[in-house]
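Biologist: I am new to this structure and would like to learn how its features are read. Could you take me through them slowly?

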Amino acid sequence: MRSSLPKFRFAAFVAWILLLALPQWALAQSQPSGASDIVTQQRTAISSLSQRTDDAQKKIEIGQEDDNRLVEIRLLLEQVERDLIAASVAFRPRLAEINDRIQQLGPPPADGAAEPDVIAAERLSLSEEKAEINAALGVAENLSIRVNNLINQLTEMRRELFTRQLTKRYDIGSEMLGEVGAAVHSETQKLYYAVSSWLRFVIRFKLPSFLAATFFAVAAAALLLIGGRRAFGQYYTPDPAQLAPTYLSRLSVAFWSTFMRSAAMAVFLGVAYFFYDYFAVLRDDIREMLVPLLYVIGVVFFVYTLAVAVLSPRLPNWRLIPVETRAARRLVFLVLATAVFTGIDSFLTAVYRTLGSPLSLTVGESLIATVITGGLVILIGLIKPYADPAGRPIGWPRWLRAFLCIVGAVTVIAALLGYIGLARFLAQQIVITGAILATMYIGFLSARAVAEEGAFGRTAFGARIQRRFKVDETALDQIALVLSVAINVLVAVVGLPLILLQAGFKFGDIRAWVLKALEGFQVGSFTFSPAGILSGLVVFVVGYLLTRWFQGWLDGSVMARGRVDLGVRNSIRTVVGYAGIAVAVLLGISAAGLDLSSLALIAGGLSLGIGFGLQNIVSNFVSGLILLIERPFKSGDWIVAGDVSGTVKKISVRATEIETFQRQSVILPNSQLINAAVGNWTLKNRIGRVDIRVNVAYDSDATRAYELMVDIARAHPKALRNPEPFVQFVNFGPAALEFEIRITIADILEGGIVQNDVRFAVLDAFQKEGIAIPSTARAPDPERPPAWPADDEKAEAEHVAAVEQKQQRDAEAAKGRRKRKPDPS
């Protein structure tokens, strides 16, 4: 009794400890590991985003007059907004778990009712955690509203800044002109000293680096230009010997010559700046002046190249616009001069900003440049580029001439009135935006010309594709349609951002629009995301191409070297193709972000449709899979299915294509080939037996005929020796003795040839031996009198009626002859 008491006390102590620990253990089990960590992490993230928002607001107050800085701040705030959405979404799984657990616990007990401590503790813990999450979500929501307000504020500030720049008026008078005259000399000296000191520095310390950077830039541009000329020179270089090039050829030459040469110049300028900066050749002030200089050189070269490509002053046959040669040369000169003066204005403005020059000098320089640019535009509008049949010059169409003159006059007037910002903006739109629009127009015309039926095949590039890949005209037209769509997309993707940049927008604006468009929008419960759909299509296309490549590699490299039968190769290739496409579709759907669970209702409808209307299709599909797996026949086999006999050409999952010996393609549903009897002459091998029936006359030597047929069968080169050819005396026919020659050959598909050879050999041998081959004689068909009609009474009645009609006609004719009067003459 005493020994059991300590044991009882120890057990009671253990039970008491477990009873105290049970609520804490149950509470720990109710909270997944890492739940509190999620709340802590997201709180920290939201606090960091709030600090970033405060910093962005301070930057707004500092950089109100700098549009580029405002764009950077906007991008920062939009990133903050996306991070806030991500932080809010991170709470959803845990919040859903808490709500589900609270629902499982049920409502709290009524007043005065007792609840187990474990459940009460768990309910309290869940409620506190839910309150913390809701508080964090509230902070995130308030911060999101604040970020949206700042973004709207930035948009309004940039709009006002752009309006002020265009509508700001400067006082153009004698006082300002005096300031300009005084500042020109001093600022020119400052520019000279800055550039000369930099050149001395380069010559003394950085000459090898400078020369190496220049060499790399020239080499990169030459590589692009020479390589492009060797590969595609015939497609964008006009041929002087071609007197009447097609419109598509002229468009192609104009577009691609402009693109390739401008790209080579852009590569040269970009590589040169990169290596100058990499080798530390540039000072800060020189860098700020070199960047706009390179930009101006690129723009002027692009405009000049485009004008030469379109107007073609040296090769009239390649001219896109049917203007006179003299007018073409003038237009090229005026367009180049317009681009040069606009570029000089842009470059000098950057130089004066770098040197800290007086504002009056920038205004005076821009005034002169914009007035000259507007005057050049008016001169372009006044040129008469066309000629009538009599040779008299004709001007531009009225609307175009009026537009050019009005734009040029507005530019000049705006500059003279002091609206320098507006005048510079118009000059920039005339030169750069006009060149971009002209290039885009040529690209769209090229795409439309390529899409015309048969046009692509008449080009050098189309002819080369046709020769190399052996495609017909229909396939070439389809390639042309795809190429036309690609050209349109390329022109739009490249041209539209450039136009937006010239209109005052920044790269940050375009990037923000693209990101917002790629994020998608929601319609009901479905989220449409262009980025997701595009990624899904890319994944599917990549999967499809990999499947085709794997099919070709497996068939051509693995199975071909393994001497695998052609039918087996086709079956494996087909199964691999369908499996790869199915995997590519699933991966594409997953990459697109589509929720397959939302398609449950559609799947239910499809299953109902399969049970009724689609059962034949499903039956054929399953039968096709069975045929590909069991392989009762394969491609190349000679099968007999009902009334159809021929060679299997293709086995697909729905139907099988059979080509008869009359070259007719028969499409048989796979279910018919599974449910009905099918004969296969070449299932295991091509060995088969051909039977040739021969009749011998009763009065001929049957034994000699037998010997001759045996010798002919054994002598045939395609007859197998095992089993040996055999001649069977089949029957005593009504008109002849009936024999049958049976020959086993290695390839049953050559049975027709063997039968033909044997019949001719038998015929020759029987003629030499005097053995007759009887046939049922056809009796002559003598002339017989017409059969007596079956209906005698009807025939007799018709005969009597015909006789009476004839007699009546004769009587009327005789009566007419009696009444005719004699001729008076």
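Modeller: We will go from the whole chain to one sheet and then to one pocket. Please keep in mind throughout that this is a predicted model.

Biologist: How many helices and strands does the protein chain have, and what share of its residues is buried?

Modeller: The protein chain has 24 helices and 12 strands, and of its 825 residues, 33% are buried, a term that here means under 20% relative accessible area. Among contacts with a separation of 6 or more, 70% link residues that lie 24 or more positions apart.

Biologist: How do I read the order of the strands in the open sheet of 5 strands?

Modeller: The order lists strands as they sit side by side, and here it reads 8-7-6-5-9, with antiparallel pairing. Strand 8 (665-669) and strand 9 (679-680) each have a single partner strand, so each of these edge strands has one side without a neighbour in the sheet. Strand 7 (residues 655-660) is joined to strand 8 by 5 bridges, and Thr656 has Leu668 of strand 8 as its bridge partner.

Biologist: Which residues lie nearest the centre of the second largest pocket, and which helix gives the most to its lining?

Modeller: A pocket can be read through its volume and its lining; this one holds about 1400 Å³ of space. Of its 35 lining residues, Ile321, Leu400, Leu404, Gly434 and Ala438 lie nearest the centre. Helix 13 contributes the most to the lining, with 11 residues, and by class the lining has 32 nonpolar, 3 polar and no charged residues.

Note on methods:
Residues are numbered from 1 along each chain as its sequence is written. This is a predicted model: local features need pLDDT of at least 70, side-chain atom pairs count only at pLDDT 80 or more; totals for chains, interfaces and linings use all residues. Side-chain values use heavy atoms; hydrogens and water are left out. Two strands pair if DSSP finds at least two bridges between them. Helices (H or I, at least four residues) and strands (E, at least two) are DSSP runs, numbered from the N terminus. On a 1 Å grid over the protein atoms alone, a cavity is a set of points where a 1.4 Å probe fits but cannot get out, and a pocket is an open set with protein on both sides within 12 Å along at least five of seven lines; lining residues have an atom within 4 Å of a point. Grid points are joined across faces, edges and corners, and a volume is the space filled by probe spheres set on the points. Ala, Val, Leu, Ile, Met, Phe, Trp, Tyr, Cys and Pro count as nonpolar, Asp, Glu, Lys and Arg as charged, and the others, Gly among them, as polar. Buried means under 20% relative accessible area, exposed over 50%, partly exposed in between (1.4 Å probe, protein chains only). Contact means heavy atoms within 4.5 Å.
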